[in-house]
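Visitor: I'd like to learn how to read a protein fold. Could you walk me through one, step by step?

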Amino acid sequence: LASDEEEGEPASEYEVLQQSDFSGHRVLLTEDNSIAAAIAMDIMGMTGLEVDHAENGRIAVEKLLDAEPGHYDLVFMDIQMPVMNGYDAARKIRGLDDPQKANIPIIAMTANAFTEDRQVALDAGMNDHIAKPINMNVLVPTIRKYL
C-alpha cells in the first residue's frame, strides 16, 4: 500500500511532529496569553526545541539583549500584546548594535492572517508570518527554513 504522502495527501500534524527533531536549538516565544504560550511551548518542545518565553515585546527585547550572541536561533513574535507590541519589538531588535542579534530570524505568530497583516509584519522587519492556531504542517517547514 502507498503511504498518504505518496498519494498526494499531506502528512498528518502528528506525523510531521514525529518526524521533526530540532534538538540543540533554542527559540524565544513572545506571547502575552499564558494559555496560548503554554500550548505553543508544549508543541514546540515536542520537536526538541528549547523554548524560552517572554510575556511581551519589551521583555523579548530585554531577553535578547541579555543573552549571549547565538543563544537564540529564532524568535516567534505575537503581534497584539500589552507594553510593547510585536511590530515595535521587531523594529527594536532590528536596530540592535550586535549584528548577530539584530539579524535573528523573527516569525510573526498571530491570529491576524490576512495578506495585509503578513505584509505589515514583513515591513516591521519580521522574516515570516504564520497564523494561529498553530498548524504543524506550517510551523515545522517554517522552522526548517530558518534553522
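Guide: Sure. Let's start with an idea we'll need right away: two strands count as paired if DSSP finds at least two bridges between them. In this predicted model, four bridges join S1 to strand S3 (residues 74-77), and the two run parallel. For one such bridge, look at Leu28, whose partner in S3 is Val75.

Visitor: Which sense does the pairing of S1 and strand S2 have, and over how many bridges?

Guide: In general, strands of a sheet pair through backbone hydrogen bonds, either parallel or antiparallel. Here S1 and S2 (residues 50-54) pair in the parallel sense, over five bridges. You can spot Thr30 standing opposite Ala54 in S2. To get from S1 to S2, the chain passes through helix H2 (residues 34-45), and this β-α-β crossover is right-handed.

Visitor: In what order do the strands of the sheet come?

Guide: The five strands form an open sheet in the order S2-S1-S3-S4-S5, with parallel pairing. S2 and S5 (128-131) stand at the edges with a single partner strand each, so one side of each has no neighbour in the sheet. On average, neighbouring strands of this sheet are turned by 25 degrees against each other, direction ignored.

Visitor: What joins strand S4 to S5, and which residue is the bridge partner of Met109?

Guide: Four bridges do the joining between S4 (residues 106-110) and S5, and the two run parallel. The partner of Met109 is Ile130 in S5. Helix H6 (residues 115-123) lies across both S4 and S5, at about 140 degrees to S5.

Visitor: Next, burial. How many residues of strand S1 are buried?

Guide: General idea before the count: in a regular strand the side chains alternate between the two faces of the sheet. As for S1 (residues 26-30), four of its five residues are buried, so the strand is largely enclosed by the rest of the structure. Across the whole protein chain, buried residues make up 43% of the 147 residues.

Visitor: What about helices? Which residues of helix H7 are buried?

Guide: In H7 (residues 136-146) they are Met136, Leu139, Val140, Thr142 and Ile143. Seen down the axis of H7, these buried residues fall within an arc of 165 degrees, so they line one face of the helix. While you're there, check the N-terminal end of H7, which Asn135 caps: a side-chain oxygen lies 2.7 Å from the backbone nitrogen of Asn137.

Visitor: And what covers the buried residues of helix H3?

Guide: The buried residues in H3 (residues 57-66) are Gly57, Ile59, Ala60, Val61 and Leu64. Their cover includes S1, S2, S3, helix H4 (86-94) and helix H5 (99-102). At the start of H3, a side-chain oxygen of Asn56 comes to within 2.9 Å of the backbone nitrogen of Arg58.

Visitor: Loops next! Is Ser20 buried or exposed?

Guide: Buried means under 20% relative accessible area. Ser20 has 7% relative accessibility, so it counts as buried. This residue sits in the loop between helix H1 (13-18) and S1. Leaving out residues up to four places away in sequence, Ser20 touches Thr47, Val140 and Arg144. You met Val140 among the buried residues of H7.

Visitor: How many helices and strands are there in the protein chain?

Guide: Seven helices and five strands. Along the sequence, the pattern goes α-β-α-β-α-β-α-α-β-α-β-α. Of the contacts with a separation of 6 or more, 65% come from residues 24 or more positions apart.

Definitions and conventions
Residues numbered from 1 in each chain as written. Predicted model: local features only at pLDDT ≥ 70, side-chain atom pairs only at ≥ 80, totals over all residues. Heavy atoms only, no water. Buried < 20%, exposed > 50% of the residue type's maximum accessible area, 1.4 Å probe, protein only. Arc of directions from axis to C-beta. Polar contact = N/O pair within 3.5 Å; in protein donor to acceptor, adjacent residues only side chain to side chain. Right-handed = clockwise from strand over helix to strand, strands pointing away. Contact = heavy atoms within 4.5 Å. Axes fitted to C-alpha atoms, helices over the stretch in contact; angles between N-to-C directions.
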